[in-house]
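Hi everyone, and thanks for coming. Let me put today's structure on the screen, and then we can walk through it together.

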Amino acid sequence: MPGVPVNTASQNERKLNFWEKLYLPEVFKGLGYSFRKMTKEPMYTFQYPDELWYPPDSYRGRPVLVEEAGRPRCVSCNLCARACPPMAISMQSKEVDDVKEREPAWFEINMLRCIYCGFCEEVCPEEAIVMSKEYDLTFQSRDEAIFGLDRLLVPRERLKDRLDYLRDYKNRQFGQHWEFQHDNNLHSLKDRPFLTWLVEEGMQELTRTHLRDEEHVALGNTWGGVRRGPEPHVVATS
Ligand code: SF4
Ligand code: SF4
């Protein structure tokens with residue numbers, strides 16, 4: 001014998017009126033709402049690819065290498081390849097007759113592996129690899145997705161937005177200890193005009209800021225650089 005059907009409707013369920021039970025008026029009401037949205041309100045979609053979205057400076061698009069005076073800024077230290085979680089980066093160094101001594105003979109990023117995490121950019125001591133604003137990549141084959149120097153190198157002028165953003169971002173985080181691009185980046189090629197000035201005229205400055213002078217060593221300050229802002233805490237040892 002069939003059981004008594006149980007009413008599972010919630011006590012708070014609204015009862016439909018006569019017109020709602022007909023459904024058709026509600027369908028036309030919905031269509032009217034869509035039509036109003038289509039004609040009267042501004043559109044928020046882009047007509048891609050005719051119209052391209054221009055991302056903000058904080059956006060992480062495909063990683064690219066910074067090209068300066070026709071050459072990669074990269075010193076082929078391999079840090080980015082070590083930090084890359086999916087091991088998308090590979091390179092081979094070569095010696096060059098330049099102040100930086102080394103640069104990549106070849107440098108490849110497998111864009112099928114890249115997850116746009118930005119770790120490579122974060123660890124690079126030279127700001128030689130940065131995240132660009134390019135987001136629409138297509139490939140016909142797996143080989144095509146392996147980008148070499150020819151596709152990775154982008155002139156520094158075209159990456160100015162990102163490089164400026166990085167400088168501000170890093171200084172906001174660590175600026176109490178150092179100003180990126182200047183005195184405490186003597187080892188770096190990020191600021192080539194400063195480096196050139198240093199080599200040609202500023203050797204006095206170099207001994208003061210970069211090399212450890214006797215006074216600093218005697219005081220136990222093995223670092224010897226010019227620190228901006230508060231001194232680090234000294235932990236007393238017994
Ligand atoms: S963005 Fe991340 S995954 Fe892509 S190359 Fe850089 S470190 Fe590797
Ligand atoms: S971390 Fe920077 S300098 Fe070092 S190999 Fe990578 S891109 Fe070049």
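**A tour of the model**

Let's start with a sheet. Three strands form an open, antiparallel sheet, and their order is β3-β4-β6. The edges are β3, residues 89-95, and β6, residues 146-147, and each of these pairs on one side only. Please keep in mind that we are looking at a predicted model.

How are the strands held to each other? Between β3 and β4, which run antiparallel, there are seven bridges. If you want a landmark on that side, find serine 90, which stands opposite glutamate 108 in β4. On the other side, β4, covering residues 102-110, is joined to β6 by two bridges, again in an antiparallel arrangement. There the landmark is isoleucine 109, whose bridge partner in β6 is phenylalanine 147.

Now follow the chain from β3 round into β4. This is a hairpin with six residues between the strands, and in it glutamate 101 takes a positive phi near 70°.

One small reminder for reading any sheet: in a regular strand, the side chains alternate between its two faces.

Let's step back to the whole chain. How many helices and strands does the protein chain have? There are nine helices and seven strands. The chain has 238 residues, and buried residues make up 14% of them. As for contacts between residues at least 6 apart in sequence, 68% join residues at least 24 apart.

Next, a helix: α2, residues 24-40. From first C-alpha to last, its 17 residues reach 24 Å, close to the 24 Å expected at 1.5 Å a residue. How many of the residues in α2 are buried? The count is zero, and this helix is hardly covered.

Past α2, on the way to β1 at residues 63-68, there is a loop that holds proline 49. Have a look at the peptide bond between tyrosine 48 and proline 49: this bond is cis, with omega at about 5°.

Where is the nonpolar core? The largest one has 21 residues, and Leu65, Ile129 and Val130 are those with the most contacts inside it. Strands β1, β4 and β5 each supply at least two residues of this core. Leucine 65 is a good place to zoom in. Setting aside residues up to four places away in sequence, its contacts include Pro72, Phe107, Ile129 and Leu152.

There are also ligands to visit. Around ligand 1 there are 15 residues, and those that come nearest are Cys84, Cys114, Cys117, Phe119 and Cys120. Sorted by type, this shell has 14 nonpolar residues, one polar and no charged. Moving over to ligand 2, the residues around this ligand include Cys74, Cys77, Cys80 and Cys124. The shell of ligand 2 divides into nine nonpolar residues, two polar and one charged.

Asparagine 78 is also among the residues around ligand 2. This asparagine sits in the loop between β2, residues 71-72, and α3. Its phi is positive, about 80°, although it is not a glycine. Is asparagine 78 buried, exposed or partly exposed? It counts as partly exposed, because 14 other C-beta atoms lie within 10 Å.

Compare that with glutamate 127, in the loop between α4 at 119-123 and β5 at 129-131. Phi of glutamate 127 is positive too, near 50°, and this residue is not a glycine either. Why is glutamate 127 classed as buried? There are 23 other C-beta atoms within 10 Å of its own, and the cut-off for being buried is 20 or more.

My last stop is alanine 81, in helix α3, which covers residues 79-83. With 18 other C-beta atoms within 10 Å, alanine 81 is partly exposed. Which residues does alanine 81 contact, leaving aside its neighbours within four places in sequence? They are Ile89, Ser90 and Met91.

That brings us back to the sheet where we began, since serine 90 is the residue opposite glutamate 108. Alanine 81 and glutamate 108 are 27 residues apart in sequence, and their C-alpha atoms are 9.9 Å apart in space.

Thank you all for listening!

Notes. Residues are numbered from 1 along each chain as its sequence is written. Chains are lettered from A and ligands numbered from 1 in the order in which they are written. A residue is near a molecule or strand if its C-beta atom, placed from the backbone, lies within 6 Å of it. Ala, Val, Leu, Ile, Met, Phe, Trp, Tyr, Cys and Pro count as nonpolar, Asp, Glu, Lys and Arg as charged, and the others, Gly among them, as polar. Helices (H or I, at least four residues) and strands (E, at least two) are DSSP runs, numbered from the N terminus. The expected span of a helix is 1.5 Å times one less than its number of residues. A residue is buried if 20 or more other C-beta atoms lie within 10 Å of its own, exposed if 12 or fewer, and partly exposed in between; C-beta atoms are placed from the backbone. Two strands pair if DSSP finds at least two bridges between them. Two residues are in contact if their C-beta atoms, placed from the backbone, lie within 7 Å. A nonpolar core is a set of buried Ala, Val, Leu, Ile, Met, Phe, Trp, Tyr and Cys residues joined through C-beta atoms within 7 Å.
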